[in-house]
Amino acid sequence: METIAGIILFISFFFLLWFGAPIAIAIIASSVLTFLFVLPFDVAIMTSAQRMITGIDNFTMLAIPLFVLSGIIMNTGGIAFRLVNFAKVLVGKLPGSLAHTNVVGNMLFGAIAGSSVASAAAMGRIMTPMQDNQGYKRTYSAAVNIASAPTGLIIPPSSVLIVYSLVSGGTSVAALFMAGYIPGILWGLAVMIVAYFMAKKENYPVSSLPSFKDVVYIVGSAIPSLLLIVIVIGGIIAGIFTATEGAAVAVLYSTILALVYKSLKVKDVPVILRETIEITGMILFLITASALFSLVMSYLGLPQAISNALLSITENQIGIMLIMLAILLIVGTFMDITPAVLIFTPIFLPVAQNFQIDPVHFGMILCFALCIGNMTPPVGSALFVGASVAEVRIEQVIKTLLPFFAVVIVVLLLVTFIPQLSLFLPQLFGL
């Protein structure tokens with residue numbers, strides 16, 4: 001019966017997705033339908049309702065809406081312009097310097113905003129006109145922006161890593177945050193390498209560096225924004241506050257900063273709160289739906305069955321990891337990262353632990369692989385936003401994106417098979 005129930009679960013889920021049902025609705029409907037097959041009606045409905053409520057009844061979960069609010073305030077507060085100018089100072093002498101500025105800007109702003117979409121939109125709006133004036137091709141500008149936007153989902157603070165912490169059974173958020181730095185930076189550097197060679201081929205100009213006086217002013221104006229990361233991550237690592245309390249500090253700090261910059265007006269507050277509620281509602285609805293889905297899978301013994309099935313193919317760790325990466329990369333192309341983390345963590349984490357892979361390391365593998373889906377069709381959010389901001393069609397930018405996609409895959413393999421890339425910083429700080 002469990003086998004038939006498992007078939008019902010996945011067939012109904014993909015059937016609903018195929019016909020355009022919202023992913024949260026597809027998850028809930030397929031889960032309830034499966035429970036009705038194996039449990040009495042009243043037990044199935046009551047169990048489903050209870051699980052959906054308890055799925056978000058967690059103090060750590062409060063960090064998600066708070067980090068979302070902080071990111072929106074930062075986005076509204078004109079922080080992106082200051083970070084772009086700071087990025088220019090860092091990479092202004094490289095060929096195609098504006099493209100490299102875009103990458104570094106995405107790494108900095110994405111980490112602050114915690115959103116690849118916000119980063120792609122903010123950086124695209126600022127950098128595209130500047131690159132147009134210097135003769136950059138729109139497809140190149142868009143591709144660089146799209147390929148680097150997801151770095152903000154890896155470089156902390158990241159709500160995706162918080163979600164993984166919850167569903168993996170309480171993996172340290174502080175350890176996950178520290179683990180994200182090296183993989184996220186490697187992603188950005190890989191994009192810059194491809195951008196460099198493309199810029200050399202097209203003979204794109206090098207920007208002139210500002211005067212020393214201007215450099216001092218630019219760096220000074222960017223430091224308050226960058227201090228948000230230092231304060232939040234430093235406080236969490238030092239044990240001064242939890243991830244949730246750190247998120248509250250981020251909201252307070254970003255609000256004060258926006259007021260100091262005089263970029264936050266009273267009329268902006270309802271818009272900011274409404275956007276926060278919409279994004280948070282979407283995330284929490286996905287989480288509560290996926291909590292039910294995970295319960296159904298656990299009840300049916302599917303994670304263990306899938307684990308046994310993978311191990312029956314090969315017991316070679318490299319082979320198993322490559323199979324999981326292939327599945328995650330495919331899943332990332334058609335499923336949003338939050339539900340994907342919630343659904344596939346309980347499936348693949350036991351397999352990884354069978355090979356003594358650290359949960360922090362596996363969290364980086366899982367999230368990194370799924371984040372790549374942000375830059376790939378058919379549902380890549382960074383892809384659609386980046387192309388829209390640059391006013392190019394998806395099919396026009398895909399060809400230019402392919403080399404970036406290839407190098408990011410190489411970085412994913414390095415992160416997968418060199419554990420210290422993820423574990424060095426957490427171990428250094430005793431996390």
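## Ground rules

For residue classes, Ala, Val, Leu, Ile, Met, Phe, Trp, Tyr, Cys and Pro count as nonpolar, Asp, Glu, Lys and Arg as charged, and the others, Gly among them, as polar. This is a predicted model, where local features need pLDDT of at least 70 and side-chain atom pairs count only at pLDDT 80 or more, while totals for chains, interfaces and linings use all residues. Numbering runs from 1 along each chain as its sequence is written, and side-chain values use heavy atoms, with hydrogens and water left out.

## The cavity

Rolling a probe the size of a water molecule over the atoms shows where empty space is left. Here the work is done on a 1 Å grid over the protein atoms alone: a cavity is a set of points where a 1.4 Å probe fits but cannot get out, a pocket is an open set with protein on both sides within 12 Å along at least five of seven lines, and lining residues have an atom within 4 Å of a point. Grid points are joined across faces, edges and corners, and a volume is the space filled by probe spheres set on the points.

The structure has 1 cavity of 30 Å³ or more, and the volume of the largest cavity is about 30 Å³. Its lining includes Asn102, Gly124, Met127, Ser141 and Val389. Helix 7 (116-133), helix 8 (138-148) and helix 20 (381-390) each give two or more residues to that lining, with the largest share, 4 residues, coming from helix 7. Helices here are DSSP runs (H or I, at least four residues), numbered from the N terminus. By class, the cavity lining has 4 nonpolar, 7 polar and no charged residues.

## The pockets

The largest pocket comes in at about 860 Å³. It has 40 lining residues, and those closest to its centre are Ser115, Val117, Ile279, Met282 and Asp336. Among the elements giving two or more residues to the lining are helix 4 (63-76), helix 6 (97-113) and helix 15 (268-300). The class split is 24 nonpolar, 13 polar and 3 charged.

The second largest pocket holds about 290 Å³ of space. Of its 15 lining residues, Arg51, Leu166, Val167, Ala291 and Ser294 lie nearest the centre. Helix 15 gives the largest share of this lining, 5 residues, and the classes come to 10 nonpolar, 4 polar and 1 charged.

## A salt-bridge network

Side chains of opposite charge can pair when their charged atoms come close. Counting a salt bridge as a side-chain nitrogen of Lys or Arg within 4 Å of a carboxyl oxygen of Asp or Glu, the whole structure has 2. Arg138 pairs with Asp132, with the closest N and O atoms 2.6 Å apart, and Arg138 also meets Glu391 at 3.9 Å, N to O. That second pair links distant parts of the chain: Arg138 sits in helix 8 and Glu391 in the loop between helix 20 and helix 21, 253 residues apart. Asp132, Arg138 and Glu391 are thus linked in a network.

How exposed are the members? Buried means under 20% relative accessible area, exposed over 50%, and partly exposed in between (1.4 Å probe, protein chains only). Glu391 counts as exposed because its relative accessibility is 66%. Arg138, at 29%, is partly exposed, and so is Asp132, at 28%.
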